[in-house]
Amino acid sequence: MTDVLIVGAGPVGLCCALDLVRRGLSCRVIEKSPRPAVGTRARGISPRTQEIFEALGVLDQVRRFPEPNLPARFYNREGALVRESEPAAPAAARADVPYPNPLMVNQENTDSVLRQALESSGIKVEMSSAFTGLTRNSHCVSATISTPEGLQTVEARYLIGADGGGSKVRESAGLQLTGDQWEDSTLYLVGNVSAQGIDREHWHIWTDPGWGYVTLQPVFHGDTWLFVATLPKEEAADWAAPTLHSIERLLRVRLPSLQISLEHLTWHSLYRRRLRLADHYRAGGVFLAGDSAHIGVEHGMNIGIQDGLNLTWKLAEVLRGAPADLLGTYEEERRPIAAQILGTTLKRDSIPSGENVAAKSITGAIAREGSANDPTQLSVAYRGSSLSLNLKAAMTVAAGDRAPDAPVLVGSRNQCARLFQFLDSTRFTLLHFAGGRSLEIARRPENLDVWQIMPGTARANGNTRALIDIQGHAYGVYGVAEDTLVLIRPDGYIAATAGVNQISAVLSHLALMTA
Ligand SMILES: Cc1cc2nc3c(=O)[nH]c(=O)nc-3n(C[C@H](O)[C@H](O)[C@H](O)COP(=O)(O)OP(=O)(O)OC[C@H]3O[C@@H](n4cnc5c(N)ncnc54)[C@H](O)[C@@H]3O)c2cc1C
């Protein structure tokens with residue numbers, strides 16, 4: 001029996017698999033398509049996702065496919081330039097944030113880096129293998145898979161449904177989507193085409209009050225462009241199978257003066273924005289992550305990857321013997337994040353919710369605490385989570401927050417480093433802010449690392465577990481005085497803050513999350 005069966009080899013399924021494998025678990029990844037997905041979809045890898053990619057060891061490879069942030073040119077339907085806008089200036093580097101800016105990479109390239117990294121870890125995605133149904137018992141999940149060799153049954157301790165918006169796993173597990181009456185009245189025809197007769201130094205956007213907009217944006221690391229055109233929803237049937245010819249005709253009708261030629265339609269998609277949220281993210285040993293759990297969430301790939309990485313360490317700990325209740329905190333922590341983003345989108349787009357119960361379940365989330373719409377996702381936090389224990393008040397950070405980075409000096413080597421380099425994302429880390437004696441822990445749990453963070457004026461005196469806060473950033477950004485403990489989870493979020501004399505409470509809290 002495999003530990004975890006992952007259904008779907010999109011970015012979420014691939015990241016889940018990469019994380020499970022480096023935690024020493026066995027997993028299988030099945031994908032119904034015969035070949036990897038093509039097409040420009042997500043192009044922005046958020047600062048928080050970059051931190052995750054660094055932990056997964058794929059950030060450098062993804063960075064080999066950067067897309068420039070180009071200025072945008074806006075034209076009217078006659079083709080006259082109306083306005084040109086420069087891309088937003090990059091945010092300045094910060095001591096606590098190693099990657100302050102989004103990284104522009106075409107999702108096709110991101111997916112391919114993730115797939116190759118997984119193959120290097122010894123896991124090959126099983127293509128042409130479609131999940132068709134499941135049965136559950138108290139020990140495992142049995143999934144039926146349709147493969148070219150016939151039907152197979154796979155038994156796994158847990159199953160992750162990362163099979164996108166039309167999730168068969170969601171349906172088979174009896175989980176429902178809410179928000180069913182909520183739909184945008186506009187259709188978006190999206191595709192990748194080659195274009196001649198237009199410069200690749202700008203994003204080109206034509207707008208018209210009658211038909212909306214058409215845009216052509218060069219995509220790098222390949223000779224293609226992203227094409228998007230808004231369409232009225234009544235034309236859905238006409239555009240079910242667009243061709244190069246029909247797209248060219250659309251351009252000719254809308255923009256008669258535009259002299260460009262199109263070739264090679266390599267991917268297209270016709271979509272209508274809908275906001276949907278699964279009523280639960282879990283049914284027994286079956287979990288949903290990514291688009292299978294929420295549809296229409298802005299930054300969907302990033303939010304989905306962050307779902308996955310919230311779940312995988314918990315699965316690993318429970319499989320090692322941690323209390324099974326830990327798995328309940330996945331939905332507790334992640335569903336409100338998607339609910340908040342969907343709720344804010346609904347509010348922003350002024351779509352009346354009326355007495356629609358499904359829509360209200362989304363709008364009801366607006367008042368929830370949190371900052372899920374932060375495009376960096378650095379401020380996404382789990383402050384209200386049952387895994388967040390605050391015994392120490394008056395700090396800048398609180399349990400549930402992302403643990404910030406800081407420059408440090410490795411005491412024993414007199415070498416500059418980043419705090420993040422000492423947060424092993426397969427283990428828990430206890431930061432002990434203190435200048436004096438190091439912390440004595442009688443029975444240190446096997447998967448807990450302890451680092452002493454000493455003020456800049458202190459001397460390590462041979463303490464090999466000392467990091468010196470030479471510039472005062474660590475004490476500053478955590479907002480701590482000496483004799484403070486900060487327990488950090490494997491996924492980089494703070495699990496507990498406490499005084500040094502509360503170490504036993506911190507260890508009891510840790511026992512909820514580990515064997
Ligand atoms: C035009 C466009 C632009 C976008 N822009 C952005 C953006 O800027 N930023 C952002 O973060 N997100 C963006 N997104 C959203 C992003 O692409 C998705 O959120 C992301 O792909 C979701 O990843 P996933 O792994 O959950 O699902 P998917 O990528 O949908 O992958 C699911 C996989 O499961 C497979 N599968 C389905 N059913 C089965 C089955 N029964 N058995 C086996 N396999 C199955 C599918 O073939 C697929 O490969 C955009 C999407 C589109 C369409």
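**Strand pairing, helix burial and overall dimensions of a predicted model**

Strand 21 and strand 22 (residues 415-418) pair antiparallel over four bridges. Helices (H or I, at least four residues) and strands (E, at least two) are DSSP runs, numbered from the N terminus. Two strands pair if DSSP finds at least two bridges between them. This is a predicted model: local features need pLDDT of at least 70, side-chain atom pairs count only at pLDDT 80 or more, and totals for chains, interfaces and linings use all residues. Residues are numbered from 1 along each chain as its sequence is written, and side-chain values use heavy atoms, with hydrogens and water left out.

Strand 21 spans residues 407-410. In its pairing with strand 22, Val410 stands opposite Gln415. The hairpin of these two strands has four residues between them. Within this hairpin, Asn414 adopts a positive phi near 55°. Strand 21 is also joined to strand 25 (residues 466-469), by two bridges and in the antiparallel sense. Here the bridge partner of Val410 is Leu467. Val410 thus has a partner in strand 22 and another in strand 25. Both faces of strand 21 are covered. Pro407 and Leu409 are buried on one side, Val408 and Val410 on the other. Buried means under 20% relative accessible area, exposed over 50%, and partly exposed in between (1.4 Å probe, protein chains only).

A separate description applies to strands 10, 16 and 19. These three form an open antiparallel sheet in the order 10-16-19. Strand 10 (177-178) and strand 19 (294-295) are the edge strands, each pairing on one side only. Strand 16 (residues 276-278) meets strand 19 over two antiparallel bridges. Arg276 stands opposite Ile295 of strand 19.

Ile6 lies in strand 1 (residues 2-7). Its relative accessibility is 0%, so Ile6 counts as buried. Leaving out residues up to four places away in sequence, Ile6 touches Gly13, Cys16, Ala17, Leu20, Cys27, Arg28, Val29, Ile30 and Ile160. Contact means heavy atoms within 4.5 Å. The C-alpha atoms of Ile6 and Ala162 are separated by 6.8 Å, although the two residues are 156 apart along the chain.

Helix 2 (residues 47-56) is mostly covered, with eight of its 10 residues buried. The buried set is Pro47, Arg48, Thr49, Gln50, Glu51, Ile52, Phe53 and Leu56. Their cover includes helix 1 (11-22), helix 3 (59-62), helix 4 (107-120) and helix 7 (300-319). Strand 3 (44-45) and strand 6 (103-104) also contribute to this cover. Gly57 follows helix 2 and has a positive phi, near 80°.

At the level of the whole chain, there are 11 helices and 27 strands. The C-alpha atoms fill a box of roughly 75 × 55 × 50 Å along the principal axes. The radius of gyration is 25 Å, which agrees with the value near 24 Å for a compact globule of 515 residues. That radius is taken over C-alpha atoms, and the globule rule is 2.2 Å times the number of residues to the power 0.38. Buried residues account for 55% of the 515. Of contacts between residues at least 6 apart in sequence, 66% join residues at least 24 apart. The chain exposes about 21700 Å², of which carbon and sulfur atoms supply 50%. Accessible areas come from the Shrake-Rupley method with a 1.4 Å probe; for residues, only the protein chains shown count as cover.
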